[in-house]
Amino acid sequence: MTQPASPARPVTEKSPPADAPKSPWRSLVTRVDVRTLSLLGVLAALVVIGGVTEPDAFLDTDNLQLVLTQASVIGVVTVGMTFVIISGGIDLSVGAIVALASVWATTVATQEYGFAGILFTAVVVGLGCGLVNGLLIAYGRMVPFIATLAMLASGRGLALEITDGKTQMVTVDSVLKLGERDSYVLGIPPLVMVFAAVTVVGWLLLNRTTFGRRSVAVGGNAEAARLAGIDVRRQRLYLYLLSGLCCGIAAFLLIVLAGSGQNTNGNLYELDAIAAAIIGGTLLSGGRGTITGSVLGVLIFITIQNIFALNNLETAVQQIAKGAIIVAAVLVQRRTATT
Amino acid sequence: MAPEPPLLTMSGITKSFPGVRALDGVDLHVQAGEVHCLLGQNGAGKSTLIKVLAGAHQPDDGTIVWRGDEVTLRSPIAAMRLGVATIYQELDLVEGLSVAENVYLGHEPTAAGFVVRGRDARASTAALLRRLGHSEIDPARLVGDLSAAQQQIVSMARALSHEVRLIVMDEPSAALDPDEVDNLFRIVGDLTADGVAVVYISHRLEEIRRIGDRVTVLKDGRAVAVGLPAKETPTREVIALMTGRNVEYVFPERAPRDQDGSPLPDPVLVVQGLARDGEFAPLDLELRPGEIVGLAGLVGSGRSEILETIYGARRPTGGQVRVDGRVLRPGSVRAAVRAGLGLAPEERKAQGLLMLESVTRNVSVSSMSRFSYGGWLDRTKEREAARTATRELSLRPDNPSVPVRTLSGGNQQKAVLARWLLRGCRVLLLDEPTRGVDVGARAELYTVIRRLADEGLAVLLVSSEVPEVLGLADRVLVLREGRVVHTAPAHDLDEHRVLDLVLASSTPGPTLTKGPHGPATTEGSPAS
Amino acid sequence: MPDFASRRGLLFGAAAVSAGAVLTGCTSNESKDDDSPSDNNQAVADDKPGKKVTIGFAGPQADHGWLNAINDNAKSRAKKYKDVTLEATEGSNDTAAQIGQVETLINKKVDVLVILPADGKALTQVGLKAMKAGIPVVNLDRIFASAQAYRCWIGGDNYGMGLNAGHYIGEKLKGKKNAKVVELAGLDNLELTKQRTKGFDDALKNYSNIEKVARQAAEFTVESGQSKMSQLLQAQKNFDALWNHDDDQGVGALRAIKQAGRDDFLMVGGAGALSAFQEIKQDRGVLKATVLYPPTMAASAIDLARALGQGKGVSGMAEFEIPASLTLYSAVVDKDNVDQYMSTGFK
């Protein structure tokens, strides 16, 4: 047997790193992966379709503002959901949490505390629901599917209990104003700014922090993560808290957008958020996923909705198209995974 | 037997999975009516070989000749049609269906093509069960309600419900009581009397002596002995074939510490009376910086359990672990890691690595706080640190941003070692560090491990390979059935002596382990 | 609409019982109008305590303002009568659960049943069962598949809603050339949405100058109303009138209109929510009118049930028996008559 080729001591002289960036362009191309590019391609195709079918209504600033505003509520929810799915979990309760947080934050009693009261209540209710989910899953060892399904049922029930089925109108002017044209800064609606901020923070959290690393590790191989010294349970708790926080923020955005709180808010958000994350390339089994992909997934869905509405097509057709896109995305995902 | 063409001839079977070559030109010849035993350590390639035979894996190379004709087994159904039935170790029964429904799953007796004739299925299932000596099992019962032994019988009935010429049994006795084992052997006898061939896989050598006709021994994906007479070959020779070298490993020199008379450093790891009921008896152990201590023993002797309990991955039922005099919180991996312990687990893919991630991220995962400020990662620093650690271990390729799944087995192991090197750990627990590692890469790993010890690490090494333990360790603890039966400096022992100590179990002793041997026995499975 | 007032009078005659007009509710200040005694010799139900009647009430889950108002109307109406005991079930949207609840009421041998089914077709059998057991059934709004399953049906007129909304818009846009109309419908997989749209379209056929240029379906929720309306506004840069099927989703629609800064059209709502009434009364926004789908029908149903239980007829009608079927009129409420309806508005 030959002696190992390795020198006994660590290499001290600087040898050029094997993967040194060759040119800025090249590194950009390798950084943006194939899946993100294909999602951008789909979005570009949709923009072309929209521009051809309804050039006046589709291609103007108002419509861009509209699409982004419509995307912001579900978008914020999807960012939280992406983290949960990456960690190998699922959160079916996001829609119910949004509903509960939005009605709790718009009760007469809460509205007495004004803007801050509404915002604070929405966020705290979201965090509280996330905490319950997290404790049940991480320390109660419940399956995420079941724990969050229970939260879905009881959250919706509680929201109905609070409202009695009534629509709770917002009377706080500063909250209402935030959703109106006067509040746009440089043409950007405040809701869209919040969405953008959540996206950026989510991206940084996933890609630049130990929290993100641990989330991916727990989803990729929980046993290996545990044996590497990661506190898997605490990490799971944090992840559901994060999802709850996103739901609380989304609930506040929805209050601003709709000028009211209603127990039917956030209807089927869980499915929309999961679908957007999956289209964006997040593995349902965990261990892989991107915030960019998920946000593109949301934008694709909302753009389709927009194009269909502008063309005055029926809801039914729209739902069929949505289903087809999910199937296509998963098929593409499988193909890229095997090559 | 000689003039009759063999029932099955597999020759030159080769099968690779990403990072590991599971089978490397294996031959297997099986005659009609014989019990052909397949022996080998975990990871030797037995499971892969029988999966190729069952049509579950497609070989990369090699030929399969069945009753004189070359065949390609594209799917499990193709293998079944030829008459090959496989009873896997992890039983593949549907718990929510009845016994009869399980037996005829996929080939239900039907009327008019689609109506399942449940009564026919139950009647013929009852007949099969009678033939297997278990007429007490009701064909209408749910399989989930049966005991493990009864489920095994159902699995066997399912195999026999086909026209079968060859049955593969993967550790069929692992879950059985002694008298159930007797029944199993009677069934095997009946089958072979009818001319059916049985390929029998077991770790228990005494079983092979009782029912086996011939033995094929696998090691590291190669057949090291083909068709040995099962009853005449001495046990020691079989064991030596399973564990012994087929290549002369080069072990690094030990530091001449023992001679220079300087006082020994204080032990860094002290284990006192550590025990887990049913797995291993109270254990005392001291480990000093610079020392490699080996645990030698057969699969199921409690080696891995000891390592994982010291590491906190299993909660002990008694005793304590101290590092630098401080008692570790029992059952807490985090406490162990903080105190300076590191584990390279037995199942590298399932327990050690994040297979979807890059080498860098696999290496840095246990030391992230070192490259982060308030949770914010300094990725340049992380990459540089990971690169330094992997270079120090000569990990190939010299590019830590590649996904860890693309590495060979030896380099994957180096990635795990680099993780603990980077963490700056004081005690390294190595469980089968060279499992699934190419022969060529092993010597390199040995050098690395020895060098780490020379730099002051304490190493606790578990290996099925006696020469590896003897060649690498300073001190050796010989384990048998969860108990340390001998402790000695490595240079006072030789392979035969260790094998004798390990194999003293041929005289029946108290069995601590019940059920399947060892925590996990998946071998050479693809990384999927 | 010229004949509006007279039709309303007819409605009072049909559905109102003694004191308290149905549409104006218990606090109506109009009740004195109807105080004139009936000239029929048949005993008619009145406010005076009579024979004790136990009424079983099974409604759906109140997850929508209108449904909540239905439950409230039934309960407060029953409380008004000393001789009425109301056995109300927990509201449920689950057909099977509601069947079970009605069967429990049958077993309890209530005198009369008032049922607003989660699904009319699916609850027909249990209605038949009650009738066979000798318990008269007052079928509220969502009609059973068989007329044998109820003694009396009382409900709203979805087709009429669309019709009246269409006529109101038609009259308002009279004389305007190439007028454009937009429709924001409710849940598209409900039969009632189809009926409302059909009525609307039929009415618009009378006005050759009007064209319906767009229709999108929301989901009876504020959120969906905001979302669909904002898209409609983006798609249709100018139009003259909008009909929105439901005042609840209208909250969202109005929000979207405000956010888009549009005020160049008139809007007509549907159902009769308090917030819509207030908006109409203030007359500062686009919402000029709403078409009723009155939840007070539940109060009337209690009155009918009480009359059935006491074996009496209703005042204002010549017949001895109460009618087999009462279709309520979908009145248009605008600035001129909104005060009258204010108290019936639901939240």
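Visitor: What makes you say that residues of chain C are in contact with chain A, and how many are there?
Guide: Two residues are called in contact if their C-beta atoms, placed from the backbone, lie within 7 Å. By that cut-off, 32 residues of chain C meet 31 residues of chain A. Mind you, this is a predicted model: local features need pLDDT of at least 70, side-chain atom pairs count only at pLDDT 80 or more, and totals for chains, interfaces and linings use all residues. Residues are numbered from 1 along each chain as its sequence is written, while chains are lettered from A and ligands numbered from 1 in the order in which they are written.

Visitor: Which elements give two or more residues to the side of chain C that touches chain A?
Guide: Those are α2 (65-80), β7 (210-217), α7 (222-235) and α8 (247-260) of chain C. The largest share, ten residues, is from α7(C). The names come from DSSP runs, numbered from the N terminus: helices are H or I with at least four residues, strands are E with at least two.

Visitor: What classes make up that side of chain C?
Guide: Eight nonpolar, 14 polar and ten charged residues. Here Ala, Val, Leu, Ile, Met, Phe, Trp, Tyr, Cys and Pro count as nonpolar, Asp, Glu, Lys and Arg as charged, and the others, Gly among them, as polar.

Visitor: And how many residues does each chain bring to the contact of chain A with chain B?
Guide: Chain A brings 26 residues and chain B brings 39 residues. On the chain A side, α11 (210-220) and α12 (222-227) each supply at least two residues, with α11(A) giving the largest share, five residues. That side splits into twelve nonpolar, seven polar and seven charged.

Visitor: Why is helix α14 (residues 269-279) of chain A called mostly covered?
Guide: Because a residue is buried if 20 or more other C-beta atoms, placed from the backbone, lie within 10 Å of its own (exposed: 12 or fewer; partly exposed: in between), and ten of the eleven residues of α14(A) are buried. Among them are A:Tyr269, A:Glu270 and A:Asp272. Just after α14(A), A:Gly281 takes a positive phi of about 100°.

Visitor: How do the transmembrane stretches of chain A come out, say residues 64-85?
Guide: UniProt, in an unreviewed entry, lists "transmembrane region" at several spans of chain A, including 64-85 and 237-260. In the model, residues 64-85 are 100% helix and 0% strand, with end C-alpha atoms 29 Å apart. Residues 237-260 are 92% helix and 4% strand, and their end C-alpha atoms lie 31 Å apart.

Terms used:
UniProt positions are given in the numbering used here, feature names are shortened, and annotations may be inferred rather than shown by experiment.
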